[in-house]
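Here is a brief report on one protein chain. Please look at the fold before reading on.

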Amino acid sequence: MYKKIFTALVLGFVLLSSGCQKEKKDEAKTEVSIKDSFELTSIEGKKLNIKQVGGGFVLADQEDKMVLFDIYATWCPPCRKSAAMLSSLQDSYKDELVVIGLSIEDGISDEHIGDFAKAFRAEYFLANSQDDKKLIATIVKSLSLAANHPIPLAVLYRGSSLINYYTGMTQEEFIRSDIKLNLEDQ
């Protein structure tokens, strides 16, 4: 009896291991090329230029502002709940912070993101451009996260420095506290 259980466990492990290896090979084929400058276009047609400087990211023309990237999907319940909170942060710190939403979804229309924005009060820069995926890949790589990272993923930078990153549904107070601490350090 123990031999059968042991054999089944070993066979299951071998099958799972080979599946993971195949997944890694497929993942490598779809890897996005990394670059250091990104042009983002919002669903309203506004443009932002993001530069990678050292280990962080800055707005090309406003390097003193904090940048909060929200990596999300329109179908994700925690992402939907986070949208209003991110809007609140953008509104509270409009002179010091820029919130940028980057969807992980392929081929999503401006109208679909606009519907998401209206339904869930996402009142910040929602990008929908060719550089979105490249920027997401670069951010994720800089954090040493797996390509299949959890969402929402919020990443806060100031200058070229990472302040903090938050995976999953995060309480507004945590992000607000990090913003306040970095404003006091000026």
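The report below covers the sheets, a helix that crosses them, and two residues.

This is a predicted model.

**The three-stranded sheet**

One open sheet is built from three strands in the order 1-2-3, with antiparallel pairing. Its edges are strand 1 (37–41) and strand 3 (56–59), and each of these pairs on one side only. On average, neighbouring strands here are turned by 30 degrees against each other, direction ignored. Strand 2 covers residues 47–53 and pairs with strand 3 over four bridges, in the antiparallel sense. Within strand 3, Phe57 is the bridge partner of Gln52.

**The five-stranded sheet**

A second open sheet has five strands. Their order is 6-5-4-7-8, and the pairing is mixed. Strand 6 (125–127) and strand 8 (161–167) each have a single partner strand, so one side of each lacks a neighbour in the sheet. The average turn between neighbouring strands of this sheet is 20 degrees, direction ignored. Strand 5 (residues 97–103) pairs with strand 6 in the parallel sense, over three bridges. Leu102 stands opposite Ala127 of strand 6.

Two strand pairs, set side by side:

| Strand pair | Sense | Bridges |
|---|---|---|
| Strand 2 and strand 3 | antiparallel | four bridges |
| Strand 5 and strand 6 | parallel | three bridges |

**Helix 4 and Asp132**

Helix 4 spans residues 132–142 and lies across strand 1, strand 2 and strand 3. Helix 4 runs at about 130 degrees to strand 1. Helix 4 also lies across strand 4 (66–72), strand 5, strand 6 and strand 7 (153–158). To strand 5, the angle is about 110 degrees.

Asp132 is part of helix 4. Which side chain of opposite charge is nearest to Asp132? The nearest is Lys133, 6.7 Å away. A salt bridge needs a side-chain nitrogen within 4 Å of a carboxyl oxygen. Asp132 has no salt bridge, yet is buried. Beyond residues up to four places away in sequence, Asp132 touches Leu40, Leu102 and Ala127. Leu102 and Ala127 are also the residues that stand opposite each other, with Ala127 in strand 6.

**Thr170**

Thr170 sits in the loop between strand 8 and helix 5 (172–184). Is Thr170 buried or exposed? Its relative accessibility is 13%, so Thr170 counts as buried; the cut-off for buried is under 20%. With neighbours within four places in sequence left aside, Thr170 is in contact with Met85 and Ile175.

Terms used. Residues numbered from 1 in each chain as written. Predicted model: local features only at pLDDT ≥ 70, side-chain atom pairs only at ≥ 80, totals over all residues. Heavy atoms only, no water. Pairing = 2+ DSSP bridges. Helix = DSSP H or I, 4+ residues; strand = E, 2+ residues; numbered from the N terminus. Axes fitted to C-alpha atoms, helices over the stretch in contact; angles between N-to-C directions. Contact = heavy atoms within 4.5 Å. Buried < 20%, exposed > 50% of the residue type's maximum accessible area, 1.4 Å probe, protein only. Lys, Arg positive; Asp, Glu negative; His and termini not counted.
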